[in-house]
Amino acid sequence: MDIRALVFDVNSTLIDIETDEHMEQVYRAIAHFLSYQDIALHRSEVHDLFFQVMKEQFETSRETYPEFDAVAVWRTVLERKGSDYTRSLPSEKLQQLPLFLAELQRGISRKRLCLFPQELEVLDQLKECFAMAVVSDAQSAYALPELRAVGLHRYFDPIIVSGDYGYRKPDVRLFEKALDGLQVRSDQAIFIGNDRYRDIFGARQLGMKTILFAPNQGIGQPNGAEPDYVIHQFAEILQALDFLAAR
């Protein structure tokens, strides 16, 4: 196989992350912050309103695999609950508030954010040989700062984030955007991810070879989602690529 590019999933593939989006502290902090913008909501109301607006986004989407937009959710929350005082805030502040709330929500909900063992050493080796991109089911308000926080943003171009497009994997359009950015054909790229359906099945629809990264989970075999190679440690990517290159 002529391997010219690698495309990675992010969460649980490039980044070892744990979050709890229903954590009480998240919505207590946001409710307190909103009170300074003249929006009086109990933390439970903030929680319920956020997930209600998210549900509305999913229900009104025409996509087969819809994705929500966290910044747009908070923008809707502000529009629905804002007072005359809220609407009189400086325009620059009003424009920034939805993004700030999305970042605040994610930051407080985060329990763990770190790399896998030997990851940077492996990526340094891979960068010498391959172009590399990211396709992630995520929000840019989350994914881009998190990649920067662990020093990974410099390895990947393009970085494709589903929240920017309104649909998520296994929609082939996300994989196609990465391939277009890398300027390679699908048979010249390998996708590495941790989800058999969204990652492996999604990439295989375009004819990409795939590597399943399963560090802390089983490797069941649902139909149509059989990877070409399975690894349990990040450093095993190197031997997986040697195996696939020889085929």
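In the predicted model, residues 24 or more positions apart account for 69% of the contacts in the protein with a separation of 6 or more. The secondary structure consists of ten helices and eight strands. The C-alpha trace spans about 65 × 35 × 35 Å along its principal axes. The radius of gyration is 20 Å, which agrees with the value near 18 Å expected of a compact globule with 247 residues.

Of the 247 residues, 48% are buried. The accessible surface amounts to about 12000 Å², and carbon and sulfur atoms contribute 46% of this area. The protein carries 27 positive and 37 negative charges, and the mean positions of the two sets lie 2 Å apart.

The largest nonpolar core comprises 30 residues, among which L6, F8, L14, L123 and L126 have the most contacts inside the core. Two or more residues of this core are provided by each of the strands β1 (5-8), β4 (131-136), β6 (189-193) and β7 (209-213), and likewise by the helices α6 (119-127) and α10 (237-245). The greatest contribution, four residues, is that of α10. The surroundings of L126 illustrate how these elements meet. When neighbours within four places in sequence are set aside, L126 is in contact with L6, F8, M132, I237, L238 and L241. A second core, separate from the one just described, contains 26 residues, including M23, V26, Y27 and F50.

Several features of the backbone were also examined. The peptide bond from D157 to P158 is cis, with omega near 10°; P158 is situated in the loop that links α7 (140-149) to β5 (159-161). A cis peptide bond is likewise present from K169 to P170, where omega is near 15°. The loop holding P170 runs between β5 and α8 (172-182).

Positive phi angles occur at two residues that are not glycine, S12 and Q183. For S12, phi is about 70°, and the residue belongs to the loop between β1 and β2 (16-19). Because its relative accessibility is 27%, S12 is classed as partly exposed. For Q183, phi is about 60°, and the residue is placed in the loop between α8 and β6. With a relative accessible area of 73%, which is over the 50% cut-off, Q183 is therefore exposed.

Methods: Residues numbered from 1 in each chain as written. Predicted model: local features only at pLDDT ≥ 70, side-chain atom pairs only at ≥ 80, totals over all residues. Heavy atoms only, no water. Rg over C-alpha atoms; globule rule 2.2 N^0.38 Å. Buried < 20%, exposed > 50% of the residue type's maximum accessible area, 1.4 Å probe, protein only. Contact = heavy atoms within 4.5 Å. Areas by Shrake-Rupley, 256 points an atom, 1.4 Å probe, with all protein chains shown as cover. Lys, Arg positive; Asp, Glu negative; His and termini not counted. Charge placed at Lys NZ, Arg CZ, Asp CG, Glu CD. Core = buried A, V, L, I, M, F, W, Y, C linked by side-chain atoms within 4.5 Å.
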